[in-house]
Amino acid sequence: MRSTPATPTVVGQVDPVTGGVGDEPGNGGYNDVRVVKTATKTVAYASPPDFADTDVIDVTDPANPVKLSPISEYSHSVQVVTTGNTTALYLATYTDAVP
């Protein structure tokens with residue numbers, strides 16, 4: 001099944017609040033998500049609600065996403081910048097703390 005922006009198709013999900021996968025219950029959503037592709041992996045960096053840690057999710061197989069160890073910093077939004085062979089992840093918050 002192929003998805004387009006005009007007609008998106010859900011193939012898998014990870015819940016930020018309970019960590020549930022697939023049809024497991026959950027009650028959360030993400031503020032922001034950025035996806036980074038390498039030669040062998042596709043990883044999503046996701047900003048959950050309620051000042052929780054930033055989630056890192058292996059989405060190489062979109063139908064079977066796997067939560068990896070989180071980044072132990074809150075982020076309301078995330079940005080990814082690639083320059084040459086270097087990719088940097090930036091976390092933005094509503095606080096004056098610098099992660």
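Tutor: Let's start with pLDDT, the predictor's confidence in each residue, from 0 to 100. This is a predicted model, and on that scale strand 5 (residues 71-74) has the lowest confidence, at a mean of 89, while strand 2 has the highest, at 94.

Student: And what is the mean pLDDT of the protein chain?

Tutor: The mean is 82, and 81% of the residues reach 70 or more. Watch residues 19-26, though: pLDDT there is below 50, and that stretch has 10 contacts in the model beyond near neighbours in sequence.

Student: On to the charges. What makes arginine 34 and aspartate 32 a salt bridge?

Tutor: Their side chains meet at 2.9 Å, N to O. The cut-off is 4 Å between a Lys or Arg side-chain nitrogen and an Asp or Glu carboxyl oxygen, so a pair within it qualifies. The structure holds three such bridges.

Student: Why is aspartate 32 called buried?

Tutor: Its relative accessibility is 14%, and buried means under 20%, so the label fits. Arginine 34 comes out at 27%; that falls between 20% and 50%, so it is partly exposed.

Student: How do you know that lysine 41 forms a salt bridge with aspartate 58?

Tutor: The closest N and O atoms are 3.1 Å apart, and the limit is 4 Å, so the pair counts. Lysine 41 sits in the loop between strand 1 (32-37) and strand 2 (42-47), with aspartate 58 in strand 3 (residues 53-58), so the bridge ties together parts that are 17 residues apart in sequence.

Student: Are those two partners buried or exposed, or in between?

Tutor: Aspartate 58 has 12%, which is under 20%, so it is buried. Lysine 41 has 41%, short of the over 50% needed for exposed, so it is partly exposed.

Student: What makes lysine 67 and aspartate 55 a salt bridge?

Tutor: Their closest N and O atoms are 3.4 Å apart, again within 4 Å, so the name holds. This pair links distant parts of the chain, lysine 67 in strand 4 (residues 66-67) and aspartate 55 in strand 3, 12 residues apart. Aspartate 55, at 8%, is buried, and lysine 67, at 31%, is partly exposed.

Student: Last one: why is threonine 42 called buried?

Tutor: Threonine 42 has 17% relative accessibility, and the line is drawn at under 20%, so it counts as buried. This residue is found in strand 2. Leaving out residues up to four places away in sequence, threonine 42 touches Val35, Val36, Lys37, Ile57, Asp58, Val59 and Thr60.

Technical notes. Residues are numbered from 1 along each chain as its sequence is written. This is a predicted model: local features need pLDDT of at least 70, side-chain atom pairs count only at pLDDT 80 or more; totals for chains, interfaces and linings use all residues. Side-chain values use heavy atoms; hydrogens and water are left out. Buried means under 20% relative accessible area, exposed over 50%, partly exposed in between (1.4 Å probe, protein chains only). Helices (H or I, at least four residues) and strands (E, at least two) are DSSP runs, numbered from the N terminus. Contact means heavy atoms within 4.5 Å.
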